[in-house]
Amino acid sequence: MGDLSEIAVCRRDGAGPTIIFLPGYASDMAGSKAMALDAWSVRTDRAFVRFDYRGCGENAGAFEDFTLEDWCDDALSVIDRTPGPVVLVGSSMGGWLMVLAALARPHRVAALVGIAAAPDFTEWGFDEGQKLALARDERIAEPSIYGPPLVTTRDFWESGQRNLVLGSTIGLDIPIRLLQGQEDQAVPWRQSLMLAERLRSADVQIVLVKDGDHRLSRPNDIQLLIKTIESLL
């Protein structure tokens, strides 16, 4: 698992349950959604935690040295060091990690909020040519409309393949909310429908934002996210 004591974490004390934000792939705790929730937690005196995965943001280490399993360990470490029940808010890959973390800590996680949640994206997000390139070259770099090329390593991809969740019922019975833009070019909106179908919980709601993109970080998107979280508290 490595040394998890040096993970960069920002904690806000306040009323519980504690909201924990899980960033997306190659993102960090200084992103617009994380910072908006941080400001909201201060205004409303709510307990809130944001953190960086190893190899990301304020943490040491190279991004390419870590895998989905490593970052799940990071999330679990943060949960384990947070008292009381928690609500996990996962963006994109963070939406995959929130599911894995809730399965691993069923008595700690009170609810989930996914933003363009992307469970199993190593399965549906790569074509055969990309998979062959990963096997041959051990890494690929793909253009991204959000910044520098996104690097994926074979170790990360294999880690994802070991942690697929959409092939059967996902044994969670907590409230779950899924926010999804229908103009999302990274996570097809029908993935949220598939995730909802696989979740065992009867308390699952999907909000489709017709003109929403992958980030869902416009002011109206942030308002929707905050209202969604508040409805669960």
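1. Start with the aromatics: this predicted model holds 10 aromatic pairs. One of them is Tyr25 with Trp71, an edge-to-face pair with 6.1 Å from centre to centre and 70 degrees between the planes. In case you wonder about the two numbers, a pair of aromatic rings is described by the distance of the centres and the angle of the planes.

2. Where do Tyr25 and Trp71 sit along the chain? Tyr25 is in the loop between strand 2 (15–22) and helix 1 (32–44), while Trp71 belongs to helix 2. They are 46 residues apart, so the pair links distant parts of the chain.

3. Are Tyr25 and Trp71 buried or exposed? Tyr25 has 15% relative accessibility, and because the cut-off for buried is under 20%, Tyr25 counts as buried. Trp71 is buried too, with a relative accessible area of 1%.

4. Have a look at the wider group as well. Tyr25 and Trp71 belong to one aromatic cluster, together with Phe51, Tyr53, Phe63, Trp96, Phe121 and Phe156.

5. Now over to Asn59, in the loop between strand 3 (46–51) and helix 2 (68–80). Its relative accessibility is 10%, so Asn59 counts as buried. A polar atom of the Asn59 side chain lies 2.6 Å from the backbone nitrogen of Ala8.

6. What else does Asn59 touch, leaving aside neighbours within four places in sequence? Besides Ala8, the contacts are Glu6, Ile7, Asp52, Tyr53 and Arg54. Tyr53 ties this back to the earlier point, being a member of the aromatic cluster and a contact of Asn59.

Notes:
Residues numbered from 1 in each chain as written. Predicted model: local features only at pLDDT ≥ 70, side-chain atom pairs only at ≥ 80, totals over all residues. Heavy atoms only, no water. Helix = DSSP H or I, 4+ residues; strand = E, 2+ residues; numbered from the N terminus. Buried < 20%, exposed > 50% of the residue type's maximum accessible area, 1.4 Å probe, protein only. Polar contact = N/O pair within 3.5 Å; in protein donor to acceptor, adjacent residues only side chain to side chain. Contact = heavy atoms within 4.5 Å. Phe/Tyr/Trp six-rings, centres within 6.5 Å; stacked < 30°, edge-to-face > 60°.
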